[in-house]
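Trainee: I have a model open and some labels I would like to test. Can we go through them one by one?
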Amino acid sequence: MAKIKPQTLLLQSKKKKGPTRISVTTIIMCNLIVVLIVLSLVATYRHWSQRSRSQAENDSINHEGADAFLKKFDVPGYAILNTSKGLITVELYKDASPEIVDRFLDLCQKGHFKGMAFHRVIKNYVIQGGDFQRLGSAEDWTLNGKHPTELSLKHEAFMLGTSRVKHDSKGFELFITTAPIPDLNEKLIVFGRVVKGEDVVQEIEEVDTDEHYRPKSPIGIVDVTLKQEI
């Protein structure tokens, strides 16, 4: 058996222990795999982030919708007018005239009607409080209101309304009819009706007035109380 020289053995030993070379293709493939893993993680993160954001937005919208739903049913349905002659309870038509009712309620909460005088009382017609400067219209109504047309719709007695004429945001005319009025549809927006205190309305109607239908003695609203139910 032939002997292997020591130098040959040493060379063979160094060749076996030397590091194995990695090909360029292998390096590129490894880098691609790493990049794909990173991209996959980023895509997953974005997906769950968007899903969480969408869920939060939906929850917010649902919460706002629920608040709006509750707010709608929290709107007071009645107002109690404490007048110098007694209490008048009115039911508010919050579905039929929502904008007017909202404005009326807002003014009630701001104390707008406290101390408001009924500055015009027309027997068998209306009692009116509000803008004292607009006195001309009532005389026109008494002249023109006695000739109903076939196209007019009746305003029954004890209806609560306000003028259709647009005033500034601070003003609000308040009318309570004391008899069926056939021709006020173009003048009044009805947003409620008296359900208690008709006798008080009639007592106010009977006060003495001057030739301009102004009460000779002060009479008006002391304050207003809002109620959900009565």
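Trainee: What makes E206 partly exposed?

Mentor: This is a predicted model, so take every value as computed from it. E206 has a relative accessible area of 47%. Partly exposed lies between under 20% and over 50%, so E206 counts as partly exposed.

Trainee: Which residue forms a salt bridge with E206?

Mentor: K123 does, with the closest N and O atoms 3.2 Å apart. The cut-off is 4 Å, so the pair qualifies as a salt bridge. K123 is partly exposed too, at 48%.

Trainee: What does the pair of E206 and K123 tie together?

Mentor: E206 lies in the loop between α5 and β8, and K123 in the loop between β3 and β4. The pair therefore ties together parts that are 83 residues apart in sequence.

Trainee: How many salt bridges does the rule give?

Mentor: The count is three. E91 and R193 form one of them, at 3.1 Å from N to O. E91 sits in strand β2 and R193 in strand β7, 102 residues apart. K110 and D106 also form a salt bridge, with their closest N and O atoms 3.1 Å apart.

Trainee: Why is K110 called exposed, and why is D106 called partly exposed?

Mentor: K110 has a relative accessible area of 62%. The bar for exposed is over 50%, so K110 passes. D106 has 33%, which falls in between the two cut-offs and therefore makes D106 partly exposed.

Trainee: And what makes E91 partly exposed?

Mentor: Its relative accessibility is 21%. Buried means under 20%, so E91 does not count as buried. R193, at 33%, is also partly exposed.

Trainee: Let us turn to the helix. Which residues of α5 are buried?

Mentor: V200, V201, I204 and E205 are buried in α5.

Trainee: How do you know that they are on the same side of α5?

Mentor: They cover an arc of only 145° around the axis, which puts them on the same side of α5. An α-helix has 3.6 residues a turn, so residues three or four places apart point the same way. The cover over these buried residues includes β1, β2, β3, β4, β6 and β7.

Trainee: Which residues touch the most other members of the largest nonpolar core?

Mentor: I88, F104, F113 and F191 do, in a core of 31 residues. α3 gives the most to this core, with six residues. Beyond its neighbours within four places in sequence, I88 is in contact with residues including I80, I176, V194, V200 and I204.

Trainee: Now the strands. What makes β3 and β4 a pair?

Mentor: Four bridges join β3 to β4, and the two run antiparallel. Pairing needs at least two bridges, so β3 and β4 qualify. One of the partnerships sets R120 against Q128. Three residues lie between the strands of this hairpin, where N124 takes a positive phi near 60°.

Trainee: How many bridges join β5 and β6?

Mentor: Two, in the antiparallel sense. The rule asks for at least two, so β5 and β6 are a pair. L160 stands opposite I176 in β6. β6 also pairs with β4, over four bridges, and there G129 stands opposite L174.

Trainee: Which way do the residues of β6 point?

Mentor: L174 and I176 point one way, F175 and T177 the other, and all are buried. In a regular strand the side chains alternate between the two faces of the sheet.

Note on methods:
Residues numbered from 1 in each chain as written. Predicted model: local features only at pLDDT ≥ 70, side-chain atom pairs only at ≥ 80, totals over all residues. Heavy atoms only, no water. Core = buried A, V, L, I, M, F, W, Y, C linked by side-chain atoms within 4.5 Å. Buried < 20%, exposed > 50% of the residue type's maximum accessible area, 1.4 Å probe, protein only. Contact = heavy atoms within 4.5 Å. Arc of directions from axis to C-beta. Salt bridge = Lys/Arg side-chain N within 4 Å of Asp/Glu carboxyl O.
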